[in-house]
Amino acid sequence: MFIGLRELELHTVSFNVEIPAGEIDYESKISQSSVLHSEGTAQLLNHALGEVRVLGDLNVTVESTCDRCVEPTSFPIESHFDLIYMPASSAKTGGEDELDTAGVEVGYYEGSGLALKDVLREVVLLALPMQLVCSEECKGICPVCGQNRNQRECGCHPEAADDRWNKLRDFRAEIGQHN
Ligand SMILES: [Zn+2]
Ligand SMILES: [Zn+2]
């Protein structure tokens with residue numbers, strides 16, 4: 001669905017969409033694993049500036065690999081969003097700084113309007129946690145033997161799992177190569 005400025009100049013545009021998995025490209029390791037449902041409105045706030053407010057609710061489940069143990073993990077998202085979009089041309093005029101201080105998420109659009117899919121993609125990425133983990137307690141992969149430590153304790157020495165020791169070991173290995 002495309003939300004055109006011409007239409008926004010006449011009235012607020014409502015949307016209610018069901019987007020099947022595979023239609024939106026997310027970041028490489030993130031994929032949609034359910035239908036994405038979103039309902040909301042787009043409104044032209046300022047005709048002269050071309051400032052558009054997109055407001056609504058979204059729910060979807062996405063899948064990613066866990067940052068620690070690399071197992072596929074589902075992330076259900078239910079998000080209420082309220083975003084401001086400005087024409088890309090206004091980003092160069094210093095308007096960005098002004099808006100940033102207001103603490104509002106600002107996006108930019110090119111040309112004659114917004115592709116709703118791009119907006120929803122943004123909402124999904126913003127709603128995801130910074131660290132994608134299967135659980136807060138995930139023990140990750142053993143850096144020594146590669147065992148997923150959620151499934152089995154491998155019994156490697158915990159010292160070896162410490163990053164500082166790995167660096168020291170690598171350093172020693174490097175020195176060793178020169179001898
Ligand atoms: Zn994990
Ligand atoms: Zn191990």
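The following paragraphs describe a predicted model of a protein chain, from its overall make-up to its strands, a central helix and a loop.

Residues are numbered from 1 along each chain as its sequence is written, and chains are lettered from A and ligands numbered from 1 in the order in which they are written. Because the model is predicted, local features need pLDDT of at least 70 and side-chain atom pairs count only at pLDDT 80 or more, whereas totals for chains, interfaces and linings use all residues.

The mean pLDDT of the protein chain (pLDDT being the predictor's confidence in each residue, from 0 to 100) is 87, and 82% of the residues score at least 70. Among the elements, β2 has the highest mean pLDDT, 98, and helix α2 (residues 95–101) the lowest, 49. Where pLDDT is low, the predicted coordinates should not be read in detail.

The protein chain contains five helices and eight strands; these are DSSP runs numbered from the N terminus, helices being H or I over at least four residues and strands E over at least two. Their order from the N terminus is β-α-β-β-β-β-β-α-β-β-α-α-α. Of the 179 residues, 14% count as buried. A residue is buried if 20 or more other C-beta atoms lie within 10 Å of its own, exposed if 12 or fewer, and partly exposed in between, with C-beta atoms placed from the backbone. Contacts are counted where the C-beta atoms of two residues, placed from the backbone, lie within 7 Å. Among contacts between residues at least 6 apart in sequence, 52% join residues at least 24 apart.

The strands may be followed through their pairings, where two strands pair if DSSP finds at least two bridges between them. β2 and β4 are antiparallel and share seven bridges, with S14 opposite T41 in β4. β4 in turn pairs with β5 in the antiparallel sense over nine bridges, and G40 has G56 in β5 as its bridge partner. Four residues lie between the strands in the hairpin of β4 and β5, where G50 takes a positive phi near 75 degrees.

β5 also pairs with β6, again in the antiparallel sense, over 14 bridges; here the bridge partner of V62 is F75 in β6. The hairpin that β5 and β6 form has six residues between them, and V70 in the turn has a positive phi of about 65 degrees. Strand β3 (residues 31–32) is another antiparallel partner of β5, over two bridges, and S31 is matched with E63 in β5.

Helix α3 (residues 116–127) comprises twelve residues and reaches 17 Å from its first C-alpha to its last. This is close to the 16 Å expected at 1.5 Å a residue, the expected span being 1.5 Å times one less than the number of residues. Buried residues in α3 are L116, V119, L120, V123 and V124. Seen down the axis of α3, these residues fall within an arc of 135 degrees, so they line one face of the helix; the arc is that of the directions from the helix axis to the C-beta atoms. An α-helix has 3.6 residues a turn, so residues three or four places apart point the same way. The buried residues of α3 pack against β1 (2–4), β2 (13–19), β4 (36–46), β5 (51–65), β6 (72–87) and β8 (113–115).

The largest nonpolar core has 19 residues, and V119 and L120 have the most contacts inside it. β4, β5, β6 and α3 each supply at least two residues of this core. A nonpolar core is a set of buried Ala, Val, Leu, Ile, Met, Phe, Trp, Tyr and Cys residues joined through C-beta atoms within 7 Å. Leaving aside neighbours within four places in sequence, L120 is in contact with I19, I24, L36, S38 and L58.

R121 also lies in helix α3, but R121 is partly exposed, with 19 other C-beta atoms within 10 Å. Beyond neighbours within four places in sequence, R121 is in contact with I24 and Y26. R121 and E27 are 94 residues apart in sequence, yet their C-alpha atoms are 9.6 Å apart in space.

C145 is placed in the loop between α3 and α4 (158–161). C145 counts as exposed because C145 has 11 C-beta neighbours inside 10 Å. Not counting residues up to four places away in sequence, C145 touches C154 and C156. C145 and G155, ten residues apart in sequence, are 9.7 Å apart from C-alpha to C-alpha.
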